[in-house]
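Biologist: I'm new to this structure and would love a guided close look at a single part. Could you take me through the aromatic rings and then what sits around them?

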Amino acid sequence: ECKIESEEAAKEGVSKYKSEKDSNLCKGICLCIAYSSTIGGLTTITGTSTNLIFAEEFNMHYPKCRCINFGSWFILVFPMTVIIVVLSWVWLHVLYFGFNFSKTFEFRKGKSNR
């Protein structure tokens with residue numbers, strides 16, 4: 001029954017969002033969640049299986065060097081993570097809100113019509 005109502009609303013052009021800006025905000029936040037989980041998985045050594053595979057392969061090729069642990073991995077990956085976070089924020093901002101960064105950092109309230 002819910003499916004039928006949403007199909008009818010889609011046919012009539014009715015949106016569940018108040019404006020296009022709200023729709024873009026929802027899409028951007030959904031992508032932020034996906035990107036943050038990927039970036040978080042990169043940051044910790046147990047975050048993804050590829051990190052663990054790399055650490056094991058490194059330890060197999062260099063058995064005397066047991067230098068990959070949580071701390072050294074974090075120190076290695078943290079600068080890359082910061083760069084990726086900034087670039088993904090800029091990408092999502094440009095994609096969904098345009099290239100107007102001055103309006104993003106504007107903190108004053110808009111004038112009301114009263």
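Modeller: Happy to help; here is a walk through the aromatic rings, followed by a helix with two contrasting residues. Please keep in mind that this is a predicted model.

Let's begin with the rings. The structure holds four aromatic pairs. One of them joins F54 and F58, a tilted pair with 6.2 Å centre to centre and 35° between the planes. Both residues belong to helix 3, which covers residues 49-61, and they sit four residues apart, about one turn of the helix. F54 is partly exposed, because its relative accessible area is 41%, between the 20% and 50% cut-offs. F58 is partly exposed as well, with a relative accessible area of 22%. F58 also pairs with Y62, again in a tilted arrangement, at 5.1 Å centre to centre and 45° between the planes. Ring pairs link F54, F58, Y62 and W73 into a cluster.

W73 leads us on to T43, since W73 is among the residues that T43 contacts beyond its neighbours within four places in sequence. The others in that list are F74, V77 and T81. T43 lies in helix 2, and its side chain reaches the backbone oxygen of I39 at 2.8 Å. T43 counts as buried because its relative accessibility is 12%, under the 20% limit.

Helix 2 has an outward side to show you too. L25, found in this helix, is partly exposed at 40% relative accessibility. Together with I29, I33 and F97, L25 forms a nonpolar surface patch with about 370 Å² of accessible area. Helix 2, residues 20-43, supplies the largest share of that patch, three residues.

Conventions: Residues numbered from 1 in each chain as written. Predicted model: local features only at pLDDT ≥ 70, side-chain atom pairs only at ≥ 80, totals over all residues. Heavy atoms only, no water. Patch = residues over 30% accessible without salt bridge, like charges linked within 9 Å, V, L, I, M, F, W, Y side chains within 5 Å. Areas by Shrake-Rupley, 256 points an atom, 1.4 Å probe, with all protein chains shown as cover. Salt bridge = Lys/Arg side-chain N within 4 Å of Asp/Glu carboxyl O. Helix = DSSP H or I, 4+ residues; strand = E, 2+ residues; numbered from the N terminus. Buried < 20%, exposed > 50% of the residue type's maximum accessible area, 1.4 Å probe, protein only. Polar contact = N/O pair within 3.5 Å; in protein donor to acceptor, adjacent residues only side chain to side chain. Contact = heavy atoms within 4.5 Å. Phe/Tyr/Trp six-rings, centres within 6.5 Å; stacked < 30°, edge-to-face > 60°.
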